[in-house]
Amino acid sequence: MIHTRISNFVDGAYLPGGARQIMDDVNPATGAVHALVEEATPADVDHAVAAARRALKGPWGKLSPAERAAALHRIADGIEARFADFLAAEIADTGKPVTMASHLDIPRGAANFRAFANVMQSHGTEFFTMKTPDGGDAINYTLREPKGVIAVVCPWNLPLLLMTWKVAPALACGNTVVVKPSEETPATAALLGEVMAKAGIPDGVYNVVHGRGPGSAGEALTRHPGVDAITFTGETRTGAAIMKAAADGVRPVSFELGGKNAGIVFADSNLDVAAEQTARAVFLNAGQICLQTERLYVERPVFERFVAALKAKAEALRPGDPNDKTTSFGPLISLEHRQKVAGYYEAARRAGAQVQTGGGVLEMPTAFSGGAWIEPTIWTGLPEDSSVVREEIFGPCVHIRPFDSEDEALAFANDTAYGLCAMVWTTNLARAHRVSRLLEAGTVWVNSWFLRDLRVAFGGSKQSGIGREGGLHSLEFYTELKNVCVRVD
Ligand code: NAD
């Protein structure tokens, strides 16, 4: 069962309804309200942070890393046991096709807990022996201690996946969390409360407060003096606002922010595979993935052929009922976001783009006519300084430009304020390594996209983020290192 009334989850229980503001939870595929959400009051946020602080000193704080790892596996088991409910909740909130949510979003929600359970069982800390000035002996060893109460502020594009990507390492390290899911997608974070309770996670370890950002739960949480660190995924300008909030109390932040990711296709690449994977990189989740490619540079001899191949892929996408297994293309998250993306479609036309395909809103059958549908779109012919080529759109669209040399492709790709990821297609091994080194991005994919061992560092350079998470790198953020120096002679 998924919740039709979504309540704040604090100190191991859903808060009883009261005089809270109610927000509509809209299914973007249809435009229908599928649940009502109780917006957390400042008092609810206080309550959640206080519960999280108490829980640090309770049974949770006394568990060994191996016991916490076992707890994380139980949470993963719980997600898998409620797979159908998580799937239904995610699809109702996002409208994403069932094939995507069942293969990516929900399995990764469980996998994140398992991955960090394993990291916690395999890492060690530093140990050094030393001589004292008077010729004696001392040892130094490092303890990794939890940072405390972690605020986890999440976006709407991959709700369960991105939330658990932060909650799992935070809990693995012995912290407690207060999660603020996106106001667009509160359902899976709420459902996870039930899983936590059933998995025997002590009260107050996992808390969820619902609401918007400014003037609501997001701002109240990130400004809260009882929060020890803030981990955030979302837009770069929201990151800047949260960083200001974090300055009071000098709280550390970990940020995964926006992108304007480039793909480079060399003429020597396997063009069929490159076109197939590039279509995923542009259109998966209706382009609403931070790692999505919105700028594509294709070597001139294969430019026309590649544009035609990608156009064919775009036109073969099947929009439709998200619960139908043959649907391969879903809506945007909201009508508001569609207005923003449609604004870029209009800007592209005004700037003189050649619209290779798409360029408008999608006309859907009656059942879905109230949804936030928009056409998969490919442009060519825009100058590099147009807003469409420079700004993150976060929609199913890409601009493709030809290039004549490796240096030129690199210059285009790196000419951006962002640095989240990049994608390179070539069969020339030396070039693949050379270009990867010169691309200014946190992740470079060669002959692939959206593929990653969860133990590696993930994050963005330039304005795409601060810090790295993943594997041992997450431990750097979610723990405080303490050195103990012991004279032993
Ligand atoms: P957003 O920044 O609008 O919102 C993210 C979260 O922050 C929401 O929960 C929102 O309520 C909250 N928020 C907004 N203003 C706030 C404030 N002033 N104080 C505290 N909280 C506040 O982002 P979005 O629209 O939900 O997500 C899309 C963005 O996320 C895109 O820019 C995308 O690139 C980025 N993103 C980045 C990554 C990554 O790994 N780098 C992953 C996914 C999404």
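Helices are DSSP runs of H or I with at least four residues, numbered from the N terminus. In the predicted model described here, helix α5 spans residues 159–172 and contains M163. The relative accessibility of M163 is 1%, and this residue therefore counts as buried, the cut-off for that class being under 20% relative accessible area. M163 and E194 are separated by 31 residues in sequence, and their C-alpha atoms are 16 Å apart in space.

A second buried position is found outside the helices. K96 belongs to the loop that runs between α3 (83–94) and α4 (98–122). With a relative accessibility of 2%, K96 counts as buried because the class covers values under 20%. A polar atom of the K96 side chain lies 2.8 Å from the backbone oxygen of N157.

The ligand is surrounded by 31 residues, of which C154, K180, E183, T238 and E392 come nearest. By class, the shell around the ligand divides into 15 nonpolar, nine polar and seven charged residues. Both domain 1 (4–257 + 464–487) and domain 2 (261–452) give residues to this shell, and the ligand therefore lies between the two domains.

Polar atoms of the protein approach the ligand through side chain and backbone. In the side chain of K180, an N or O atom is 2.7 Å from an oxygen atom of the ligand. For E235, a backbone N or O atom is placed 2.9 Å from an oxygen atom of the ligand. A nitrogen atom of the ligand, in turn, has a backbone N or O atom of L257 at 2.7 Å. The ligand taken alone exposes 840 Å², and 92% of that area is buried by the protein. Two or more residues of the shell are given by each of the elements α7 (217–223), β11 (229–233) and α8 (236–247).

Strand β11 also takes part in strand pairing. It pairs with β12 in the parallel sense over four bridges, and F232 stands opposite F255 in β12. Strand β12 comprises residues 253–256. From this strand V253 and F255 point one way, whereas S254 and E256 point the other way. All of these residues are buried.

A further set of strands forms an open sheet. Three strands are arranged in the order β1-β5-β4, with mixed pairing. Strands β1 (5–6) and β4 (22–26) are the edge strands, each pairing on one side only. In general, the strands of a sheet pair through backbone hydrogen bonds, in either the parallel or the antiparallel sense. Here β1 and β5 run parallel and are joined by two bridges. Strand β5 covers residues 33–38 and pairs with β4 in the antiparallel sense over five bridges.

Individual residue pairs can be assigned across this sheet. On the β1 side, R5 stands opposite L36 in β5. On the β4 side, D24 stands opposite L36 in β5, and M23 stands opposite V37 in β5. Strands β4 and β5 form a hairpin, with six residues between them. Within the turn, G31 has a positive phi of about 85°.

Note on methods. Residues are numbered from 1 along each chain as its sequence is written. This is a predicted model: local features need pLDDT of at least 70, side-chain atom pairs count only at pLDDT 80 or more; totals for chains, interfaces and linings use all residues. Side-chain values use heavy atoms; hydrogens and water are left out. A residue is near a molecule or strand if one of its heavy atoms lies within 4 Å of it. A polar contact is a pair of N or O atoms within 3.5 Å; within protein, one must be able to donate a hydrogen and the other to accept it, and residues adjacent in sequence count only if both atoms are side-chain atoms. Accessible areas come from the Shrake-Rupley method with a 1.4 Å probe; for residues, only the protein chains shown count as cover. Ala, Val, Leu, Ile, Met, Phe, Trp, Tyr, Cys and Pro count as nonpolar, Asp, Glu, Lys and Arg as charged, and the others, Gly among them, as polar. Domain bounds come from an automatic or database domain assignment. Two strands pair if DSSP finds at least two bridges between them. Buried means under 20% relative accessible area, exposed over 50%, partly exposed in between (1.4 Å probe, protein chains only).
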